[in-house]
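Trainee: I have a model open on my screen and would like to learn how to read it. Could you walk me through it?

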Amino acid sequence: MSATWRKYAACRGIDPEVFYPVSDDEVEDAKAVCDACAVREACLEYALANREREGIWGGTTERERRRIHRQRRKSA
Ligand code: SF4
């Protein structure tokens, strides 16, 4: 796994539980961190490539990533 981007992750040092939210408010808290993250794109692509099912990755929820997969399949 190439994870150079992880070095620059804005979530480093933050409680990982923040990125496994159980409420919409918590989703927004996690997304706010991702919004300010320099490696958001790399993180999202990693999650998409690895079919990460749970948690917030690259500012997206599991449902949002499923939508991206569907859109990419359609346009492929
Ligand atoms: S996009 Fe979000 S989850 Fe991904 S590395 Fe950055 S802060 Fe962490």
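Mentor: Gladly! Keep in mind that this is a predicted model. Let's begin with one residue and its contacts: leaving aside neighbours within four places in sequence, Ile56 is in contact with Phe19, Pro21, Val27, Ala30, Lys31, Cys34 and Thr61.

Trainee: Where is the place of Ile56 relative to α2 and α3?

Mentor: Ile56 sits in the loop between α2 and α3.

Trainee: Is Ile56 buried or exposed?

Mentor: For this we count the C-beta atoms around a residue, and 20 or more others within 10 Å make it buried. Ile56 has 26 other C-beta atoms within 10 Å, so it is buried.

Trainee: Which residues make up the largest nonpolar core?

Mentor: Ile56 belongs to it, together with Ala30, Cys34, Val39, Cys43, Ala47 and Trp57, which gives seven residues in all. Two elements, α1 and α2, each give two or more residues to this core.

Trainee: And how far is Ile56 from Arg72?

Mentor: Here we compare position along the chain with position in space. The two residues are 16 apart along the chain, and 19 Å separates their C-alpha atoms.

Trainee: Let's turn to α3. How many of its residues are buried?

Mentor: Just one of the 14 residues of α3 is buried, so this helix lies largely in the open. Helix α3 covers residues 62-75 and reaches 20 Å from its first C-alpha to its last, close to the 20 Å expected at 1.5 Å a residue.

Trainee: Now the ligand. Which residues come nearest?

Mentor: There are 14 residues around the ligand, and those that come nearest are Ala9, Cys11, Cys34, Cys37 and Cys43. The elements giving two or more residues to this shell are α1 (24-35) and α2 (40-49). Sorted by class, the shell has 11 nonpolar, two polar and one charged residues. Notice that Cys34 and Cys43 also appear in the nonpolar core.

Trainee: What about the whole chain: how many helices and strands does it have?

Mentor: The protein chain has three helices and zero strands, and from the N terminus on its elements run α-α-α. Its radius of gyration is 12 Å, close to the 11 Å that the globule rule gives for 76 residues, so the chain is as compact as a globular protein of that length. Along the principal axes, the C-alpha trace spans about 35 × 30 × 20 Å.

Trainee: What share of the chain is buried?

Mentor: Buried residues make up 13% of the 76 residues. As for contacts between residues at least 6 apart in sequence, 45% join residues at least 24 apart.

Key: Residues numbered from 1 in each chain as written. Predicted model: local features only at pLDDT ≥ 70, side-chain atom pairs only at ≥ 80, totals over all residues. Near = placed C-beta within 6 Å. Helix = DSSP H or I, 4+ residues; strand = E, 2+ residues; numbered from the N terminus. Nonpolar A, V, L, I, M, F, W, Y, C, P; charged D, E, K, R; others polar. Expected span 1.5 Å × (residues − 1). Buried ≥ 20, exposed ≤ 12 C-beta atoms within 10 Å, placed from the backbone. Core = buried A, V, L, I, M, F, W, Y, C linked by C-beta atoms within 7 Å. Rg over C-alpha atoms; globule rule 2.2 N^0.38 Å. Contact = placed C-beta atoms within 7 Å.
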